[in-house]
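Trainee: Could you take me through one part of this protein closely, namely how its disulfides are placed? I would also like to hear what surrounds them.

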Amino acid sequence: MKCASRSGAIKVSSVLLVAGAMAGGLLAGAGFGTAAAADTLGVAAAAPCKSGQVTADSAHPTGSTQVLITVTNQGSKACVLNGFPTVAVAGQGSPDKNRPLQVTRQGTARPVQLAPGGHAAARLTFTPVLGEADGYCTSGADPTVAPSMVVGVAGARYQLAPDDGGNFALCGNSVRATAFRAAGS
């Protein structure tokens, strides 16, 4: 009789384990931790950020090869920003003469909910220009120097100059970019 009781307990435990795993899978499939799950849990879900709602308002150099791009929600409602920026150098400082750069994505994109006035940031890393003054590229190519860059965010393009008043200088046609994160993350 003890075998039958132990066998029944194992079956009940197995059923509970499978049910728990399925419930966990359903929550994960619903996007637990995302706007979709927020709606499921009774919290207001934010819509994706739109071009008229956010603005890229800062290009802060954080070293000789890195720039921190900051995006602000200027709308009256929260929105969700997800993904990576697009980047181009602006030839002669003009967005209509820009040269798109190949963006190599660093890390995984996760939704960032931006409250009105909230900030998110992405870090750009360029291939460095070596030497002084005129500089050079290890590849032998001429460096690119531009007074501004054009950053694509939420379907809009924003022309940004470095906060320090300098120029963007890089070798090659690519930039590494992190996904947007809540400012301070």
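Mentor: Happy to. A disulfide here is a pair of cysteine sulfur atoms within 2.5 Å. With that in hand, number the bonded cysteines of the protein in sequence order, and the pairing reads 1-2, 3-4. The structure holds 2 disulfides.

Before we zoom in, a word on what you are looking at. This is a predicted model, in which local features need pLDDT of at least 70 and side-chain atom pairs count only at pLDDT 80 or more, while totals for chains, interfaces and linings use all residues. Residues are numbered from 1 along each chain as its sequence is written, and side-chain values use heavy atoms, with hydrogens and water left out.

Let's start with Cys49 and Cys79, which are joined with an S to S distance of 2.1 Å. The torsion about their S-S bond is about 80 degrees, so this disulfide is right-handed. Cys49 lies in the loop between strand E1 (47-48) and strand E2 (54-61), and Cys79 in strand E4 (residues 79-81), so the pair ties together parts that are 30 residues apart in sequence. The helices (H or I, at least four residues) and strands (E, at least two) are DSSP runs, numbered from the N terminus. Cys49 counts as buried at 10% relative accessibility, and Cys79 is buried with a relative accessible area of 0%. Buried means under 20% relative accessible area, exposed means over 50%, and partly exposed is in between, using a 1.4 Å probe and protein chains only.

The other disulfide joins Cys137 to Cys171, S to S 2.0 Å. Its torsion about the S-S bond is about -95 degrees, so this one is left-handed. The pair links distant parts of the chain: Cys137 sits in the loop between E9 and strand E10 (144-146), and Cys171 in the loop between E13 and strand E14 (174-178), 34 residues apart. Both Cys137 and Cys171 are buried.

Now let's look around Cys79. Gln53, in the loop between E1 and E2, touches Cys79 as well as Pro48, Thr72, Asn73, Gln74, Gly75, Lys77 and Ala78, not counting residues up to four places away in sequence. Contact means heavy atoms within 4.5 Å. Gln53 counts as buried at 15% relative accessibility.

From Gln53 we can step across to Thr72, which lies in strand E3 (residues 66-73) and is buried, with a relative accessible area of 7%. The contacts of Thr72, again leaving out residues up to four places away in sequence, are Gln53, Val54, Thr55, Asp57, Gly117, Gly118 and His119. With Asp57 there is also a polar contact, side chain to side chain, at 2.7 Å. A polar contact is a pair of N or O atoms within 3.5 Å; within protein, one must be able to donate a hydrogen and the other to accept it, and residues adjacent in sequence count only if both atoms are side-chain atoms.

Next comes the nonpolar interior. The largest nonpolar core has 30 residues, and those with the most contacts inside it are Ile69, Phe126 and Met149. Strand E9 (residues 119-126) supplies the largest share of this core, 4 residues. A nonpolar core is a set of buried Ala, Val, Leu, Ile, Met, Phe, Trp, Tyr and Cys residues joined through side-chain atoms within 4.5 Å.

Phe126 also belongs to an aromatic pair, and a search of the whole structure finds 1 such pair. The rings of Phe126 and Phe168 have their centres 6.3 Å apart and their planes at 45 degrees, so the pair is tilted. Phe126 lies in strand E9 and Phe168 in strand E13 (residues 168-170), so the pair ties together parts that are 42 residues apart in sequence. Rings of Phe, Tyr and Trp (its six-membered ring) pair if their centres lie within 6.5 Å; planes under 30 degrees apart count as stacked, over 60 as edge-to-face and the rest as tilted. Phe126 counts as buried at 5% relative accessibility, and Phe168 counts as buried at 5% too. Leaving aside neighbours within four places in sequence, the contacts of Phe126 include Leu101, Met149 and Phe168.

Finally, the wider setting: the secondary structure of the protein comes to 2 helices and 15 strands, and 32% of its 185 residues count as buried.
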